[in-house]
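Open the model in your viewer and keep the sequence panel beside it. The tour below says what to select at each stop and what is found there.

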Amino acid sequence: MIARFHADPAVQSVEMLLQERIPTQAPVEYPHQEEVIAHAAPQSNVTLTPWSVPIEAAVPQVHVLSNGHYSTLITSAGAGYSQWQGVGLTRWQADATRDDWGSWIYLQDQDSGELWSAGYQPTGVTPDTPQVTFYPHQAEFQRRDHDIVLHMQITVAADDDVEIRQITLVNDSSSTRRLRLVSYAEVLLAPQAEPHPAFNKLFIESEYLAEQNLLLFHRRPRSADEKPIYLGHLCITDAGNAQPPTYDSDKRSFIGRGETAHGPAALDSRTSSLAGTSGFTLDPIIALGQVLVLEARATVCVAYLTLATNSRQEALALTERYKTWPTLTRAFESARRQNELALRTLKLGTPQVALIQQVLAALLYPSAGLRASADILSANSKGQNGLWAYSVSGDYPILLIRIADATA
């Protein structure tokens, strides 16, 4: 076999290499210490387990989703607000009684006129099977009303300042349904503690871009050194038989005289489209409507996106980037990975995150149950002005306890 192997012409061409003598003492090389690559210690995996929250509670349960620049506060009733770089995008108030300030998604049956919302608020309609679940990277709302199953997922993209509300609707009936979805939020584009809200509204201008189905808001700068702020809101759907979208940016025409967000005039069963107002309005709002036709046992997906930038060109670029469903899927996955990394770095688990959110809810919604007793409050000899040295303008219980103890 050896002779047969060396008879091969290919082996004969390199036969001289086989005659090289093996060195008896091969030199030993030691790598430099700085060239040695250190192997990182294996990191434990973080499981983003969910926790369920009640829809109605003494103190509303809250959840904050953020990528470091854009953040969204969501309550168990569906209320909350969005904020970008310290600037409030939508208006909100901490109302522990009704908790009806926030960004809403209305649903209306075009045939029967029945009206409900993706969350418990603002319509206050109790669904057949309500379920609210919070994850570290997203919030989920599930409900069933009038044989329509709704599943809404809310997250903030990790790489861009975009808030995504993805809604999946399932027609669980045996007949075709015509549903209208309408988003709603009051535009702020200023800090939540804006001392002159009516004056601030005069600087906000809106425009509707039909090709992108985009409502774009911006606030005129009050000074030369103030950076412009652009707020975009768009809707995309995978339904092939969806009707042309409608829009509105005027609260007066949407809510109506003497009405509230519980049952706005724009969602009266006799109307099928929004007013289509844009430009400068006395009370700017976000409102995008979409009518869908669901066949029996059919499923359709709709996504409402809210974004914030410093220029109109950036807003249009983000709109084009997030108009495809694969991009939205990647955004949810990126948000999950970012939160896994953050929790691993902070050495936190999901139970600790849930407790932190409960503490945040107690700070945002002052509750009488957390208020100090009358004896402790009466022992405080300092007035309200005495609290300013502690950077406190109210009467949070734990701080009053410390002040009362120091006074005694």
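**First stop: helix H5**

Select helix H5, residues 312-321, where the buried residues are Ala 315, Leu 318 and Thr 319. These three cover an arc of only 105 degrees around the axis, so they sit on the same side of H5. The arc is taken from the directions that run from the helix axis to the C-beta atoms. Buried means under 20% relative accessible area, exposed means over 50%, and partly exposed is in between (1.4 Å probe, protein chains only). Helices (H or I, at least four residues) and strands (E, at least two) are DSSP runs, numbered from the N terminus.

The model is a predicted one: local features need pLDDT of at least 70, side-chain atom pairs count only at pLDDT 80 or more, and totals for chains, interfaces and linings use all residues. Residues are numbered from 1 along each chain as its sequence is written, and side-chain values use heavy atoms, with hydrogens and water left out.

What covers the buried residues of H5? Show strand E11 (162-171), E14, strand E15 (229-237) and strand E19 (299-309), which are among the elements that do so. Contact here means heavy atoms within 4.5 Å.

Now add Ser 311, which caps the N-terminal end of H5. A side-chain oxygen of Ser 311 lies 3.2 Å from the backbone nitrogen of Glu 314. A polar contact is a pair of N or O atoms within 3.5 Å; within protein, one must be able to donate a hydrogen and the other to accept it, and residues adjacent in sequence count only if both atoms are side-chain atoms.

**Second stop: strand E9 and its partners**

Select strand E9, residues 139-145. Five of its seven residues are buried, so E9 is largely enclosed by the rest of the structure. Next add strand E8 (residues 131-134), which pairs with E9 in the antiparallel sense over four bridges. Two strands pair if DSSP finds at least two bridges between them. Pick Val 132 to find its bridge partner in E9, Phe 141. The hairpin that joins E8 to E9 runs through four residues.

Then add strand E10 (residues 148-156), which pairs with E9 in the antiparallel sense over seven bridges. Asp 145 stands opposite Ile 148 in E10. The hairpin of E9 and E10 has two residues between the strands, and His 146 there takes a positive phi near 55 degrees.

**Third stop: Arg 180**

Select Arg 180 in strand E12 (residues 177-190). How far away is the nearest side chain of opposite charge? That side chain, Asp 268, is 7.8 Å away, and the buried Arg 180 has no salt bridge. A salt bridge is a side-chain nitrogen of Lys or Arg within 4 Å of a carboxyl oxygen of Asp or Glu. Lys and Arg count as positive and Asp and Glu as negative, while His and the chain ends are not counted. The side chain of Arg 180 does reach the backbone oxygen of Ala 266, at 3.2 Å.

**Last stop: loops**

Select Gln 85, in the loop between strand E4 (80-84) and strand E5 (87-90). Gln 85 is not a glycine, yet has a positive phi of about 50 degrees. At 47% relative accessibility, Gln 85 counts as partly exposed.

Move to Pro 122, in the loop between strand E7 (115-117) and E8. The peptide bond from Gln 121 to Pro 122 is cis, with omega near 5 degrees. Finally, add Thr 260: its C-alpha atom and that of Pro 122 are separated by 9.1 Å, although the residues are 138 apart along the chain.
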